[in-house]
Amino acid sequence: MTLNVNEIRNDFPILDRETANGRRVIYLDSTATSQKPLQVIEAMNEYYRRSNANIHRGVHTLAEEATAMYEGAREKIAKFINAASSREIIYTRNTTESINLVAYSWARANLKAGDLVILTEMEHHSNLVPWHMLQAERGIELDFIPVTDDGVLDLEAYRTLLARTPKLVSFTHMSNVLGTINPAAEIIGMAHSAGAIVLVDGAQSVPHLTVDVQALDADFYAFSAHKMCGPTGIGVLYGKSVLLDAMPPFLGGGDMIKEVKLRSFRANSLPHKFEAGTPAIAEAVGFGAAVDYLKNIGMEGIAAHEHEITEYALDRLEEIPGVKLFGPSADKKGGVAAFTLEGVHPHDVAQILDQDGIAVRAGHHCAQPLHEKFGIPATSRASFYLYSTKEEVDMLVNGIYKVKKMFG
Amino acid sequence: MDDLYREVIIEHYKNPSHRGKLDPHDISFADNNPLCGDHIQIDLRVDEKGIVTEALFDGHGCAISQASADLLMESIIGKSLEEVKKLNKQDILDLLGIDLGPVRLKCALLSLKVLKAGVYGLGEASDDLLE
């Protein structure tokens with residue numbers, strides 16, 4: 001199935017704007033955050049224009065409408081990742097908060113000094129630092145599945161680590177730097193055989209791939225709206241209800257309670273137990289609209305389009321003398337091309353590309369240990385989504401030649 | 001862009017005149033820009049009157065950060081430590097001869113922060129040193 005990219009681009013007004021020197025923006029930074037289609041922007045607008053009220057407690061028309069929209073979005077998200085029930089969809093601020101929720105609630109109730117948590121060398125800081133903090137507080141142990149030179153996880157080394165009976169395995173489904181799509185079902189199956197609980201960082205996978213949390217048998221799965229055409233400020237923690245039910249609450253306050261006395265409280269049932277205070281209601285509405293939008297276009301078509309663009313981009317970038325690409329070949333990765341250009345710092349690459357309206361990211365992309373592993377301080381990263389085109393890849397390649405000439 | 005990557009900046013980046021380390025030295029300090037991982041070390045030799053006689057920088061980073069470090073080293077030789085303490089943000093921009101947005105400003109100013117933290121004998125190169 002081929003996407004009608006021209007039609008899709010019409011949904012994204014920002015792709016028409018001019019940037020530096022009157023150039024039309026060439027947005028190659030969707031891994032950091034995606035652009036938002038009119039359908040999402042208008043859904044949020046409409047919510048504020050027509051239905052805005054606080055949710056759950058009100059009995060008036062607006063409150064009922066707002067509640068239905070907020071909970072309706074939860075249903076849509078549950079179906080989108082094939083959760084068994086919308087009770088298993090906890091709204092958070094983002095992937096980072098979802099991981100922290102597991103670290104604060106599940107891990108503090110279930111892990112003690114000496115317990116092993118397995119992570120990988122390709123994790124984003126959001127799936128490292130919460131565990132560093134727990135290590136400092138609890139004395140848990142951390143170990144890491146190594147990344148091979150071609151940017152995939154070393155599953156033989158993982159098998160060896162599993163012999164040490166970890167309590168938790170937490171890994172990224174898709175690397176935000178290398179683009180590597182990890183064999184999540186296999187990693188989860190192996191962890192379960194060793195008796196471990198599994199948390200998956202799905203920030204990069206849910207926007208780009210068909211994700212079925214039941215087929216994967218993930219215990220926890222975290223992702224953000226803003227990388228999948230939705231707004232910032234809202235994300236999800238999926239968790240199996242048997243685990244979530246047994247977990248202590250995370251943040252305390254309104255909405256997460258069944259009953260409060262002066263000296264005690266009883267926690268609410270799922271999913272509200274983990275949603276204290278007035279949540280991001282308009283953002284939930286926008287999240288639901290984003291899911292509708294992606295579903296309408298079809299995740300398989302989106303993945304196929306991104307694969308085609310990525311393959312083309314890797315081929316073209318590889319041709320440029322002095323460009324070094326990181327990560328596996330196109331068949332093992334999503335729409336990410338991280339690279340260095342010999343003799344030029346990634347910041348300079350990004351800055352000069354910006355003068356032609358080309359938006360790429362430069363730095364360590366919140367994965368400093370991974371960059372250290374490859375012995376480089378930073379990379380430039382171009383990333384692609386459903387609205388990316390081969391013409392944009394060509395502009396990127398021309399831009400890199402321009403950088404080379406400047407520093408030549 | 002032609003402004004930002006003036007020839008003088010590319011030239012100082014590619015062929016720095018004050019890159020290296022001094023051993024022995026009177027003052028040495030190093031720090032990073034946590035945002036991008038740029039790293040700069042500065043070594044100084046100072047005579048008995050408190051005048052900088054030699055100044056070298058080492059490290060890695062973008063053209064702006066490395067060129068500004070090179071230009072800064074060049075400019076402080078012959079200056080007293082008291083004069084070095086008075087250097088501020090504007091002095092670096094004058095050396096570079098360009099205007100910078102907030103993100104790239106951090107790249108340009110890393111060397112000044114490191115230099116002044118070293119001269120003041122501080123443990124950390126903070127933004128307070130730029131004013």
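Axes here are lines fitted to C-alpha atoms, for helices over the stretch in contact, and angles run from 0 to 180 degrees between N-to-C directions. With that in hand, let us walk through this predicted model, starting with a pair of helices in chain A.

**A helix pair in chain A**

Helix 11 (residues 299–318) of chain A and helix 14 (residues 390–407) of chain A have axes that come within 10 Å and cross at roughly 20°. Angles under 35 degrees count as roughly parallel, and helix 11 of chain A and helix 14 of chain A are therefore roughly parallel to each other. Their crossing is right-handed. On the side of helix 11 of chain A, the contact is made by A:I309, A:Y312, A:A313, A:R316 and A:L317; helix 14 of chain A brings A:K390, A:V393 and A:V397. By class, the residues of this contact are six nonpolar, no polar and two charged.

**Two domains in chain A**

Chain A is divided into domain 1 (5–30 + 299–407) and domain 2 (41–296). Taken over C-alpha atoms, the centres of these two domains of chain A are separated by 28 Å. Their contact takes 22 residues from domain 1 of chain A and 20 residues from domain 2 of chain A. On the domain 1 side, the elements giving two or more residues are helix 11, strand 12 (336–341), helix 13 (368–373) and strand 15 (379–383) of chain A. Helix 11 of chain A gives the most to that side, with five residues. The residues of the domain 1 side divide into 11 nonpolar, five polar and six charged.

**Where chain A touches chain B**

The contact between the chains takes 12 residues from chain A and 12 residues from chain B. Helix 12 (346–354) and helix 14 of chain A each supply at least two residues of the chain A side, and helix 12 of chain A gives the most, with four residues. That side of chain A has five nonpolar, six polar and one charged residues.

**The sheets**

Strands of a sheet pair through backbone hydrogen bonds, either parallel or antiparallel. Here is a sheet from each chain.

| Sheet | Strand order | Pairing | Average twist from one strand to the next |
|---|---|---|---|
| Chain A, open, seven strands | 2-8-7-6-5-3-4 | mixed | 20° |
| Chain B, open, three strands | 1-2-3 | antiparallel | 15° |

In the seven-stranded sheet, strand 2 (89–92) and strand 4 (141–145) of chain A stand at the edges, each with a single partner strand, so one side of each is left without a neighbour in the sheet. Elsewhere in chain A, strand 6 (residues 197–201) and strand 7 (residues 220–224) run parallel and are joined by three bridges. A:L199 stands opposite A:F220 in strand 7 of chain A.

In the sheet of chain B, the edges belong to strand 1 (27–32) and strand 3 (52–60) of chain B; each has a single partner strand, so one side of each is left without a neighbour in the sheet. Strand 2 (residues 39–46) of chain B pairs with strand 3 of chain B in the antiparallel sense over eight bridges, and B:Q41 stands opposite B:D58 in strand 3 of chain B.

Two helices lie across these strands of chain B. Helix 2 (residues 63–76) of chain B lies across strand 2 and strand 3 of chain B, running at about 170° to strand 3 of chain B. Helix 5 (residues 102–120) of chain B lies across strand 1, strand 2 and strand 3 of chain B, and runs at about 140° to strand 1 of chain B.

Technical notes. Residues are numbered from 1 along each chain as its sequence is written. Chains are lettered from A and ligands numbered from 1 in the order in which they are written. This is a predicted model: local features need pLDDT of at least 70, side-chain atom pairs count only at pLDDT 80 or more; totals for chains, interfaces and linings use all residues. Angles under 35 degrees count as roughly parallel, over 145 as roughly antiparallel, 65 to 115 as roughly perpendicular and the rest as oblique. A crossing is left-handed if the near helix is turned anticlockwise from the far one by less than a right angle, and right-handed if clockwise. Two residues are in contact if their C-beta atoms, placed from the backbone, lie within 7 Å. Ala, Val, Leu, Ile, Met, Phe, Trp, Tyr, Cys and Pro count as nonpolar, Asp, Glu, Lys and Arg as charged, and the others, Gly among them, as polar. Two strands pair if DSSP finds at least two bridges between them. Domain bounds come from an automatic or database domain assignment.
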